[in-house]
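Trainee: Could you take me through one part of this model in detail? I'd like to see how it sits among its neighbours.

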Amino acid sequence: MSKAAKGARGEALEVRIEALGGRGDGIARLDDGSRLFVAGALPGERVLVRPERHKGEQRARLTAVLAAAPERVEPPCPHFGHCGGCRLQHLALPAYAEFLEQRIRAALAARGFQDVPIEPVELSPPASRRRLRLAWRRVGKSVVLGLREARSPRIVDLSTCLIARPALVALLSPLRTLLAALGTAEGEIALEDSETRVDVVVITQKPLATPDRIRLAAALPELPGVCRISWRSAAGRESEPVATAAVPFTQHGPIRIELAPGGFRQATDAGLAAMRRFLNRHLAGARHVLDLYGGTGALGLALDPLPARLEVVEGDQAATATLARALGQGIRGSRVTVRHRDLERDPLQPAELRAVDAVILDPPRAGARPQCLALAGSRVGRIGYVSCDSGSFARDARILVEGGYQLAGVQPIGQFLWSDEVELAAIFHREPA
């Protein structure tokens, strides 16, 4: 507990940190029994803080570490403490990996799961993020470009980014020059480093005026390593290419996939590779596989060898159209098809799953509850589930287990290094009837 009673806002307070919260904040217990959240503090530490209330939470700003935990390390990034992106750089990597694993265990325990086999965490290394989405604002004649502070609209002007690929970091300065010349004063920008070169999407609240369209097109040759510039309204979903030197692409198993501007891809090659290894290990030998919420087939098409029959089912029409075009290249020894279907509103039913050996699930953050309810009544032998949210995954896992499946193993995947985000791949086996 604290050595002083809970004081007024801004009054210095010495506290002992008892645990790490789910978002990576240190948690102290005050004399009145309430919890105080301290960003940048670690379990076991004695720290000096200044309390400040934030949207109903009791939070405090760390002002000094009086007794440091052995897991504390010097944060390597000059923006640490301001940028909201990498909030756990002060935690040694082994302890950080344990934190990610415990996030998954806590979510599973909340749904009644105990002693689930969990493999060692797969962490993506620094300088491996191939996607960045940054905010920008013109201030005078210059542009502030970067990530926002935690719980704040303020943009931290980035000079570097230790998690991003070098090709993206190299664009920070040239992009400021481009954005400063636009008629609009603020927005966001999405960067994607593909196997071709970097794809850029400028996102603004207002429609793209003709002079700005001309400026973006003219800037393409001046941006090192950029192959395409597109624009999107902040309220829209579709991005409009403005200038293209080469179409960016990626490789899914045996086929080459054109990337739509601003389309979804996993954040790192290392994270995607970990998911693919896990699925290949646990779905080996399946002859008929359904890849549900399959996007452009990043997981299903990477099964090696490809099953005799692979069906990719996706609710996004642009993704299914992209994959259908790519499948025109032809794949030997396997029948691969793509189908457009909204699995949230119209999940595949048990009768449609009768001939299926295995299913891959890769749903959005909200999970796949309707589809899991249908799978629970099916006889599909194996389900490989890839999730970006351990809470919705644990809920869906409970549905599957109550339908007769066994949760046989989980692979934690840390693509968002030094953040509180954790992804996972899991395998379910159907128990005998």
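Trainee: How many bridges join S17 to strand S18 (residues 335-340), and in which sense do the two run?

Mentor: Six bridges join them, and S17 and S18 run parallel. Before going further, keep in mind that this is a predicted model, where local features need pLDDT of at least 70, side-chain atom pairs count only at pLDDT 80 or more, and totals for chains, interfaces and linings use all residues. Numbering starts from 1 along each chain as its sequence is written, and side-chain values use heavy atoms, with hydrogens and water left out.

Strands here are DSSP runs of E, at least two residues each, and a pair needs at least two bridges. S17 itself covers residues 309-314. Along the S18 partner, Glu 314 stands opposite His 340. S17 also pairs with strand S16 (residues 288-292), again in the parallel sense, over five bridges. There, Val 289 stands opposite Leu 310 of S17. Five of the six S17 residues are buried (under 20% relative accessible area, 1.4 Å probe, protein chains only), so the strand is largely enclosed by the rest of the structure.

For another buried spot, look at Glu 192 in strand S10 (residues 186-193). Glu 192 has a relative accessible area of 11%. Its side chain makes a polar contact with the side chain of Arg 265 at 2.6 Å; that term takes an N or O pair within 3.5 Å, one able to donate a hydrogen and the other to accept it. Beyond four places in sequence, Glu 192 is in contact (heavy atoms within 4.5 Å) with residues including Arg 130, Arg 131, Arg 197 and Asp 199. Leu 168, Val 198 and Leu 259 are also among its contacts.

Key. Helix = DSSP H or I, 4+ residues; strand = E, 2+ residues; numbered from the N terminus. Buried < 20%, exposed > 50% of the residue type's maximum accessible area, 1.4 Å probe, protein only.
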